[in-house]
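Colleague: Please select one part of this model for a close look. I should then like to see how that part relates to its surroundings.

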Amino acid sequence: MKKVLLILTCMLLVFGLAACGSDAGGSTAQDDQTAETQEAAAQPETDGAQTGGDILVVYFSATGTTKGVAENIASITGGDLYEITAAQEYTAEDLDWNDPNSRTTKEQNDPSVRPEIGSEPVSLEEYSTIYIGYPIWWGQEPRIMDTFVESYNFDGITVIPFCTSGSSDIGSSGEHLADNAGSGNWLDGQRFGAGTPESDIQAWIEGIQ
Ligand SMILES: Cc1cc2nc3c(=O)[nH]c(=O)nc-3n(C[C@H](O)[C@H](O)[C@H](O)COP(=O)(O)O)c2cc1C
């Protein structure tokens with residue numbers, strides 16, 4: 001009888017200690033799995049391009065139209081803004097498309113030109129979606145946009161081009177930029193005119209898959 005009691009006491013001690021150990025020693029693999037599942041369920045959906053804190057709106061704007069659209073996109077999406085400025089600012093003479101010798105005419109006629117960027121570099125690390133905007137110059141993206149896309153790695157980032165123009169469509173400018181970037185998941189772009197209402201921009205953003 002004494003022996004039986006001794007064995008029972010030992011068993012109680014062993015199981016008691018094991019139970020204490022599991023309480024004090026933290027979680028089991030199953031606990032971790034459950035916690036991970038709950039954590040994942042609490043995360044906001046970031047696959048879509050519409051909203052979230054990991055959005056950057058990059059733009060170049062010589063006369064302010066693209067800047068206005070970029071600001072609308074940033075305010076709708078909650079994204080950060082980054083302006084590409086030229087190291088050598090574009091003057092009114094530079095922008096004269098009627099002059100065959102103006103700076104922009106010469107730049108747009110030479111696909112190898114890469115105007116220097118003046119703004120501080122930006123880190124793309126924290127962003128999963130980038131809207132990238134520019135005016136249409138001679139039916140294409142300004143060459144400084146090529147300088148920008150060739151300077152960064154867009155791996156793992158969804159890139160959405162947008163442009164403003166007098167009347168031209170976005171044409172092949174988005175594809176040019178994607179080709180020159182050589183990385184990133186580039187979506188089809190969208191053209192906006194001056195004075196496009198914010199509701200149109202919002203509808204476009206909501207329609208992006
Ligand atoms: C050098 C130059 C070339 C342009 N070429 C075109 C063009 O080919 N098609 C068009 O519709 N608009 C053209 N535009 C008009 C601009 O695309 C339009 O005004 C744009 O909204 C300006 O944007 P920003 O104010 O952000 O610079 C051109 C403007 C400039 C300065």
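Modeller: N153 sits in the loop that joins α5 (143-150) to β4, helices and strands being DSSP runs numbered from the N terminus (H or I, at least four residues; E, at least two). The model is predicted: local features need pLDDT of at least 70 and side-chain atom pairs count only at pLDDT 80 or more, whereas totals for chains, interfaces and linings use all residues. Residue numbers start from 1 along each chain as its sequence is written.

With 12 other C-beta atoms within 10 Å, N153 is exposed (the class for 12 or fewer such atoms, with buried for 20 or more and partly exposed in between, C-beta atoms being placed from the backbone). The C-alpha atoms of N153 and S183 lie 6.3 Å apart, although 30 residues separate the two in sequence.

S183 comes directly after G182, which follows α6 and takes a positive phi of about 75°. In α6 (173-181), the buried residues are S173, G174, L177, A178 and A181. These residues cover an arc of only 140° around the axis, which puts them on the same side of α6; the arc is that of the directions from the helix axis to the C-beta atoms. They pack against α5, β4 and β5 (185-186), a contact being a pair of C-beta atoms, placed from the backbone, within 7 Å. Both elements that flank the loop of N153 are therefore among the packing partners of the buried residues of α6.

The same flanking elements, α5 and β4, also contribute to the largest nonpolar core. Of the 36 residues in this core, V57, V58, I130 and Y131 touch the most other members; such a core is a set of buried Ala, Val, Leu, Ile, Met, Phe, Trp, Tyr and Cys residues joined through C-beta atoms within 7 Å. The elements that supply two or more residues to the core are β1, α3, β3, α5, β4, α6 and α7. The most, 5 residues, come from β1. Leaving aside residues up to four places away in sequence, I130 touches L56, V58, I157 and V159. In soluble globular proteins, nonpolar side chains tend to be buried together.

L56 also serves to place a second loop residue. E126 belongs to the loop between α4 (103-108) and β3, and its C-alpha atom is 9.1 Å from that of L56, at a sequence separation of 70 residues. E126 counts as exposed, having 9 C-beta neighbours inside 10 Å. Between β3 and α5, a further loop contains W138. W138 has a phi near 50°, a positive value in a residue other than glycine, and it counts as partly exposed with 13 C-beta neighbours inside 10 Å.

Another contributor to the core, α3, deserves description. Its 13 residues (65-77) should span 18 Å at 1.5 Å a residue, and the 19 Å between its end C-alpha atoms agrees with this; the expected span is 1.5 Å times one less than the number of residues. T65, T66, V69, A70, N72, I73 and T77 are the buried residues of α3. Seen down the axis, they fall within an arc of 160°, so they line one face of the helix. Their cover includes β1 (55-59), β2 (80-83), β3 (129-135), β4 (158-164), β6 (190-192) and α7 (198-207). After α3 comes G78, with a positive phi near 75°.

α3 also gives the most to the shell around the ligand, with 3 residues. That shell comprises 21 residues, the closest being S61, T63, T65, T66 and P135 (C-beta atom, placed from the backbone, within 6 Å of the molecule).

A194, in the loop between β6 and α7, touches T65 and T164, not counting residues up to four places away in sequence. The C-alpha atoms of A194 and V69 are 8.5 Å apart, with the two positions 125 residues apart in sequence. A194 is partly exposed, with 13 other C-beta atoms within 10 Å.

For the protein chain as a whole, 29% of the 209 residues count as buried. There are 7 helices and 6 strands, and from the N terminus on the elements run α-α-β-α-β-α-β-α-β-α-β-β-α. Among contacts with a separation of 6 or more, 75% join residues 24 or more positions apart.

Definitions and conventions: Two residues are in contact if their C-beta atoms, placed from the backbone, lie within 7 Å.
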